[in-house]
Amino acid sequence: MAPPSFAITLEEHAAFPALVVNRPEFNGTWQAFPWAKNGLQDYSTGRLADMDENHISYQIISHVPGMGNGTPDGCQKANDEMAEAIKKNPSRFGGFATLPMAYPEKAAEELERAVKELGFFGALIGSHLEDMTHYDDERFWPVFEAAERLDVPLYIHPAPPSADFVKQVYGGNYSDAVMQGLSTAVWGWHQDVGLHILKLHCAGMFQRFPKVKIIIGHMGELLPIMMDRVHFLKFYQKEGLGDFNEVWNRNIWVTSSGIFSVRTLDMILKVTNKDRILYSVDHPFSKNSEGWKFIQELAESGLLSKEEQDMFAYGNAKKLFKMDVALKEF
């Protein structure tokens, strides 16, 4: 079976001048992905050539997760810089805002500005503040209220863990490089986002905002394998929260970012509706060429019908974001 002729990816990062990438808390990220910095700062010719070579019609660009948490002015300037880059290639690029999550009211205001004035599709936010604080506390909920009211998704993405946390939780009888790997892309990033989603559920956020739309990457951030256990062990829940399966099917979308495995997708499909799974790469931390190889392997596998392949590659994204753009065909 031939692979789809169109593709939309939506966990694709960039770095703009208003938010500096050379910060200590990101040292572990650059150790794990030493090639990423150059790719982050290319959001024109080189990025487009790479997209064309690997059959990507359209990218929704996002800032490096968590980089703007503490700087409302920096977020606004960086979002404006991204908007200017998108204007140069509007048929190929869209945007997710970065938000100053340490200042929730300002974050909600910036989300509204970015959607209404800049035309962004929502926001991509790091999973925690610099001190590892998640967003289950109600002081953060103005952001979720704004996202529900604006009817745009929030993409909750892993963020760099603090140095003390890395040493305490992931240090062991191995090198610092192994410690950094375990604390980030091998395990730590993903369990952190999965835990965060469960904390939001247990805190009642999805009850308060039943129409909020949340995207998580990396084939569901470890949650799919735990769905049945979460369902059956209800002692941890507040009374009246409802079933987490309902939240999963109503409020959560999942992308393939950085995990290019047909058998993993097969597992995800056991617990996730086909219209809730979207293709993504995680550029430049993962390579577009790896994503295209995965798309080809998926077509050859027969796991999805032709219609379902199209849904995964671009159709579900067009529906979620209400996209009205003519996609480049390959």
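**Close-up 1. Helices H4 and H5 run roughly parallel to each other, because an angle under 35 degrees counts as such.** This is a predicted model, as are the views that follow. H4 covers residues 72-88 and H5 covers residues 104-116; their axes come within 11 Å and cross at roughly 15°. The crossing of this pair, H4 and H5, is right-handed. On the H4 side, the residues that meet H5 are Pro 72, Cys 75, Gln 76, Asn 79 and Asp 80. Across from them, H5 brings in Lys 106, Glu 110 and Arg 113.

**Close-up 2. Arg 113, a buried arginine in H5.** Zoom in on helix H5 and you'll find Arg 113 there. Is Arg 113 buried or exposed? Its relative accessibility is 15%, so Arg 113 counts as buried. Once residues up to four places away in sequence are set aside, Arg 113 touches Gln 76, Asn 79, Asp 80 and Leu 118. Gln 76, Asn 79 and Asp 80 also turn up among the H4 residues that meet H5.

**Close-up 3. Helices H7 and H8 pack roughly perpendicular to each other.** Here H7 (residues 163-170) and H8 (residues 176-183) have their axes 10 Å apart, at an angle of about 100°. That value falls in the 65 to 115 range, so the pair counts as roughly perpendicular. Which residues make the contact? H7 supplies Val 166, Lys 167 and Tyr 170, while H8 supplies Met 179, Gln 180, Leu 182 and Ser 183.

**Close-up 4. Phe 16 and Tyr 43, a stacked pair of rings.** The model has 13 aromatic pairs, counting rings whose centres lie within 6.5 Å. Why is the pair of Phe 16 and Tyr 43 stacked? Their ring centres are 4.1 Å apart and their planes sit at 25°, so the pair makes the cut for stacking, which is under 30 degrees. The two residues are 27 apart, and the pair links distant parts of the chain. Phe 16 is in the loop between strand S1 (8-14) and helix H1 (27-32), and Tyr 43 is in the loop between helix H2 (36-40) and helix H3 (45-53). Both Phe 16 and Tyr 43 are buried.

**Close-up 5. Other aromatic spots.** One aromatic cluster is formed by Tyr 58, Phe 96, Phe 121, Tyr 155 and Phe 321. For a charge over a ring, look at Trp 253: Arg 276 lies over its face, 3.8 Å from the ring centre.

**Close-up 6. The loop between S8 and H14, with a cis peptide bond at Pro 284.** The loop runs between strand S8 (277-278) and helix H14 (288-301). Most residues other than glycine have a negative phi, and most peptide bonds are trans. Which two residues does the cis bond join? They are His 283 and Pro 284, with omega at about 0°. Asp 282 sits in the loop between S8 and H14 too, and has a positive phi of about 85° although it is not a glycine. With a relative accessibility of 7%, Asp 282 counts as buried. Ser 286 lies in this loop as well; at 10% relative accessibility, Ser 286 counts as buried. Leaving out neighbours within four places in sequence, Ser 286 is in contact with Gly 258, Phe 260 and Val 281.

**Close-up 7. Leu 222, a non-glycine residue with a positive phi.** Its phi is about 75°. Where does Leu 222 lie? Look in the loop between strand S6 (214-216) and helix H11 (223-232). The relative accessibility of Leu 222 is 32%, so this residue counts as partly exposed.

**Close-up 8. Tyr 314 in helix H15.** H15 covers residues 306-321. Tyr 314 has a relative accessible area of 17%, which means this tyrosine is buried. What does Tyr 314 touch, residues up to four places away in sequence aside? The list is Pro 4, Phe 6, Ala 7, Ile 8 and Leu 327. Pro 224 is 90 residues from Tyr 314 in sequence, and their C-alpha atoms are 22 Å apart.

**Close-up 9. Leu 195 in helix H9.** H9 covers residues 188-203. At 40% relative accessibility, Leu 195 counts as partly exposed. Thr 133 is 62 residues away from Leu 195 along the chain, and 12 Å separates their C-alpha atoms.

Conventions
Residues numbered from 1 in each chain as written. Predicted model: local features only at pLDDT ≥ 70, side-chain atom pairs only at ≥ 80, totals over all residues. Heavy atoms only, no water. Phe/Tyr/Trp six-rings, centres within 6.5 Å; stacked < 30°, edge-to-face > 60°. Helix = DSSP H or I, 4+ residues; strand = E, 2+ residues; numbered from the N terminus. Buried < 20%, exposed > 50% of the residue type's maximum accessible area, 1.4 Å probe, protein only. Lys NZ or Arg CZ within 6 Å of the ring centre and 35° of its normal. Axes fitted to C-alpha atoms, helices over the stretch in contact; angles between N-to-C directions. Parallel < 35°, antiparallel > 145°, perpendicular 65-115°, else oblique. Left-handed = near helix turned anticlockwise from the far one by under 90°. Contact = heavy atoms within 4.5 Å.
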